[in-house]
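Hi,

Here is the structure I promised to pass on. Have a look at it first, and my notes follow right below.

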Amino acid sequence: MATPENFSGEVRDRPEPSFPRDGSPSSVDTDTAVILLGAGVTAITHPLLYVKLLIQVGHEPLPPTVGTTMFGRKVLYLPGFFSYAQHIVRIDGKSGLFRGLSPRIVSSAISTVVRSRVKQAIPAKEAESMPTRDDLKTSLRKVMRETSQEMIVQCLSRIATHPFHVISVRCMAQFVGREVKYRGLFSSIMKIFQEEGLSGFFVGLVPHVLGEVMFLWCCNLLAHFINTYAVDDSFSQAPAVRSYTKFVMGIAVSVLTYPFMLVADLMAVNNCGLAAGLPPHSPLFKSWVHCFSHLSQQGQLFRGSSFFFRRVPVTALTTLPVD
């Protein structure tokens, strides 16, 4: 399935590959292939996620530039992905674009294994073909059952991988204050356990799970109702349209659930000893609800959702320098 992470640049164990439901060698081979493929995709997309994370925490090291809209009005634009990436390369070299990659690769591998095992444990029912509107009208129960199963898989996967997400986010956020507190994977695990205990590995888990659950249900139900009531069987391309409905709904719903992903990432660095999560760079949040409320008041709930044509927020116009 698709998410803010997918559609805003991040690959967050959202894909739903099919796995054989037994422990046969073919199942193991499939797991291995998906793990290797996931590692490759994770590595390729990591610079995007890195820049996105720095934008999410509010780090804007480059001044905005004056641009014009299509109507000729002058506005201030913050640097896009390529300018930001070049800034990182100037400071840390090309390898700096891959800071925090190893925890994400481990997270991707664990997610694949967890999904495979959970899907094997959930009883499978034969898929029914539903080519007509009459068939689709009777399938709501089936959609709810399948979505519930997807939700279980997603929640268990998120719980298992969230500690590595926290480590990766903190490794990347160190760029803001130039810290070296979180380096290797194992040393980071020990550091978090010593300072925060087990709870430190699950900061930001609740908004992350809420966002993903909301995404699943909204996407699946909207796709079902559109396929049932909006796509006419008399239309010759109805089957093709229905096959793309869920994908399109995923893009739309991911925009609505993005604030929960933003809050989850901010809570991962909140008050952890890094400059990115401490005043004056960031206020200290008592809970994820407090964080959500603060971002809402500041009009920043979609910060980091775009890599290009990023306008300077109205609240920041008096504080940001202009070239």
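The sulfur of Cys-218 has its closest cysteine sulfur in Cys-219, and the two are 8.7 Å apart. A disulfide needs the sulfurs within 2.5 Å, so that distance is too far for a bond. Across the whole structure the count of disulfides is 0. Keep in mind that this is a predicted model. As for accessibility, Cys-218 is partly exposed at 36% relative accessible area. Cys-155 is partly exposed as well, with 22%.

Next, the helix packing. How do the axes of H6 and H7 cross? H6 covers residues 140–177 and H7 covers residues 185–196; their axes come within 11 Å and cross at roughly 100°. That makes the two helices roughly perpendicular. On the H6 side, the contact is made by Phe-164, Val-166, Ile-167, Arg-170 and Cys-171. They meet Leu-185, Ser-188, Ile-189, Ile-192 and Glu-196 from H7. Sorted by class, this contact has 7 nonpolar residues, 1 polar and 2 charged.

Then there are the aromatics, which I enjoyed going through. The model holds 8 aromatic pairs. Two of them are worth opening in your viewer.

One is Phe-82 with Phe-308: the ring centres are 5.9 Å apart and the planes sit at 35°, so this pair is tilted. It links distant parts of the chain, 226 residues apart. Phe-82 belongs to helix H3 (residues 81–92), while Phe-308 is in the loop between helix H10 (288–298) and strand S3 (310–311). Phe-82 is exposed, with a relative accessible area of 54%, whereas Phe-308 counts as partly exposed at 40%.

The other is Tyr-258 with Phe-302, a stacked pair with 6.4 Å centre to centre and 15° between the planes. Tyr-258 lies in helix H9 (residues 238–269) and Phe-302 in the loop between H10 and S3, so the pair ties together parts that are 44 residues apart in sequence. Is each partner buried or exposed? Tyr-258 is buried, with just 2% relative accessible area, but Phe-302 is partly exposed at 42%.

Finally, back to the Phe-82 and Phe-308 neighbourhood: these residues form one aromatic cluster together with Phe-81 and Phe-307.

Cheers

How values were computed. Residues numbered from 1 in each chain as written. Predicted model: local features only at pLDDT ≥ 70, side-chain atom pairs only at ≥ 80, totals over all residues. Heavy atoms only, no water. Buried < 20%, exposed > 50% of the residue type's maximum accessible area, 1.4 Å probe, protein only. Axes fitted to C-alpha atoms, helices over the stretch in contact; angles between N-to-C directions. Helix = DSSP H or I, 4+ residues; strand = E, 2+ residues; numbered from the N terminus. Parallel < 35°, antiparallel > 145°, perpendicular 65-115°, else oblique. Contact = heavy atoms within 4.5 Å. Nonpolar A, V, L, I, M, F, W, Y, C, P; charged D, E, K, R; others polar. Phe/Tyr/Trp six-rings, centres within 6.5 Å; stacked < 30°, edge-to-face > 60°.
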